[in-house]
Amino acid sequence: IFSASNHLMAYYSQAKYRVGVRSKDFELNKIGYTLNIKKDFLWDSKKIHQIERNLDVIRQLGISTHENFIKLSLTKEQQNFAADYYSSHFPDNTRKVIGFHPGAAKEQNVWSQDKFAELMELLYNMTNAYFYISEGPEDRKYIENLEKILKERYPNIVYSIYKGELMKNAANISKTCLFISNDTGIMHLAAGFDIPVIGLFGPTNAYEWGPMGKNKAAIQALGGNINNIDVLNVIETSIPYLSV
């Protein structure tokens with residue numbers, strides 16, 4: 001997005017280097033005259049990820065990068081919180097813990113709770129896993145619906161829901177053997193850890209916003225409707241990560 005306010009802020013800052021985009025896929029940046037270092041980019045046609053787009057801008061200054069993925073670290077306190085949480089909620093440490101984030105701020109990014117519940121049942125039958133469910137501030141209605149389905153149809157599934165501090169949630173996620181999430185901020189947070197992450201994408205381009213790095217995958221819904229993603233498709237994507 002060519003933001004006039006951002007460009008003008010850079011211009012009036014009188015910074016020596018004002019770096020940005022002259023055009024994107026032949027769309028001219030009309031406020032680009034405020035920049036003194038700029039190039040033409042074909043990001044959409046080449047299906048370039050947002051991380052690489054950001055890095056492309058600073059590469060114009062001769063700044064190279066060694067890594068192009070998110071990496072997060074946890075404090076000792078956060079690690080201890082997660083260890084205590086797991087020992088309390090998932091007492092059998094021989095069982096895997098699979099994580100989910102079934103909500104999102106945008107309705108069109110939310111996969112059906114029926115499908116999440118069915119996925120949990122299939123994964124449970126395959127692995128005998130516990131399930132960790134991450135809840136965000138806008139997710140209550142989705143979580144309540146998912147819980148209702150689990151209690152009615154799949155009472156054998158053992159799960160725990162956490163809604164609390166962001167980095168404590170992140171610490172819990174970091175201990176899962178696999179994390180499956182809708183297209184939302186928590187997915188990117190999970191991608192910062194060395195765990196398998198699968199992102200579910202509806203109208204948003206997975207090639208542009210999907211999790212990046214080792215053991216990361218994205219599933220793009222046909223036609224942009226996230227509920228066109230089939231449960232078996234998610235299972236097939238999950239299997240290589242569960243066998244590690």
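Thr 176 counts as buried in this predicted model, at 5% relative accessibility. The residue sits in the loop between helix 6 and strand 7 (178–182), and the side chain of Thr 176 reaches back to the backbone oxygen of Ile 173 at 2.7 Å. Beyond residues up to four places away in sequence, Thr 176 touches Tyr 86, Val 97, Ile 98, Gly 99, Tyr 132 and Ile 195. Leu 122 is a different case to consider: 54 residues separate Thr 176 from Leu 122 along the chain, and their C-alpha atoms are separated by 17 Å.

A neighbouring topic is Asn 172, which belongs to helix 6 (residues 166–174). Asn 172 is buried, and its relative accessible area is 0%. The side chain of Asn 172 makes a polar contact of 3.2 Å with the side chain of Tyr 132. Tyr 132 appears again in the wider surroundings of Asn 172, which, with neighbours within four places in sequence left aside, consist of Phe 81, Ala 82, Tyr 85, Tyr 86, Tyr 132 and Tyr 162. Readers following the model on screen may like to start from Tyr 132, since this residue is in contact with Asn 172 and is also touched by Thr 176. Tyr 86 likewise occurs among the contacts of Asn 172 and among those of Thr 176.

Helix 4 offers two further side-chain to backbone arrangements. Ser 112 is placed in the loop between strand 4 (97–101) and helix 4, and its side chain reaches the backbone nitrogen of Asp 114 at 3.1 Å. Thr 127 lies in helix 4 itself, which covers residues 113–127. A polar atom of the Thr 127 side chain lies 3.2 Å from the backbone nitrogen of Ala 129. Apart from residues up to four places away in sequence, Thr 127 touches Lys 96, Ile 98 and Leu 242. Ile 98 thus links two parts of this account, being touched by Thr 127 and by Thr 176. Ser 112 also gives a sense of distance across the model: Gln 60 is 52 residues from Ser 112 in sequence, and the two are 43 Å apart in space, C-alpha to C-alpha.

Backbone geometry draws attention to two loop residues. Most residues other than glycine have a negative phi. Gln 14, however, has a positive phi of about 60° although it is not a glycine. This residue lies in the loop between helix 1 and strand 1, and Gln 14 is exposed, with 70% relative accessible area. The other residue is Asp 25, whose phi is near 50° and therefore positive in a residue other than glycine. Asp 25 is located in the loop between strand 1 and strand 2 (27–28).

Empty space was examined next. The largest pocket has a volume of about 490 Å³. Its lining comprises 19 residues, of which Ile 1, Phe 2, Val 21, Trp 43 and Val 57 are the closest to the centre of the pocket. Helix 1 (4–12), strand 1 (19–24) and helix 2 (50–59) are the elements that give two or more residues to this lining. By class, the pocket lining divides into eight nonpolar, seven polar and four charged residues.

The structure also holds one cavity of 30 Å³ or more. The volume of the largest cavity is about 40 Å³. Its lining is made up of His 49, Ile 51, Ile 70, His 188, Ala 191, Gly 210, Pro 211 and Met 212. Five of these lining residues are nonpolar and three are polar, with no charged residues.

These local features sit within a protein of nine helices and nine strands. The C-alpha trace spans about 60 × 45 × 35 Å along its principal axes. Of the 244 residues in the protein, 48% are buried. Among contacts between residues at least 6 apart in sequence, 57% join residues at least 24 apart. The protein exposes about 12900 Å², and carbon and sulfur atoms supply 52% of this area.

Technical notes: Residues are numbered from 1 along each chain as its sequence is written. This is a predicted model: local features need pLDDT of at least 70, side-chain atom pairs count only at pLDDT 80 or more; totals for chains, interfaces and linings use all residues. Side-chain values use heavy atoms; hydrogens and water are left out. On a 1 Å grid over the protein atoms alone, a cavity is a set of points where a 1.4 Å probe fits but cannot get out, and a pocket is an open set with protein on both sides within 12 Å along at least five of seven lines; lining residues have an atom within 4 Å of a point. Grid points are joined across faces, edges and corners, and a volume is the space filled by probe spheres set on the points. Ala, Val, Leu, Ile, Met, Phe, Trp, Tyr, Cys and Pro count as nonpolar, Asp, Glu, Lys and Arg as charged, and the others, Gly among them, as polar. Helices (H or I, at least four residues) and strands (E, at least two) are DSSP runs, numbered from the N terminus. Buried means under 20% relative accessible area, exposed over 50%, partly exposed in between (1.4 Å probe, protein chains only). Contact means heavy atoms within 4.5 Å. Accessible areas come from the Shrake-Rupley method with a 1.4 Å probe; for residues, only the protein chains shown count as cover. A polar contact is a pair of N or O atoms within 3.5 Å; within protein, one must be able to donate a hydrogen and the other to accept it, and residues adjacent in sequence count only if both atoms are side-chain atoms.
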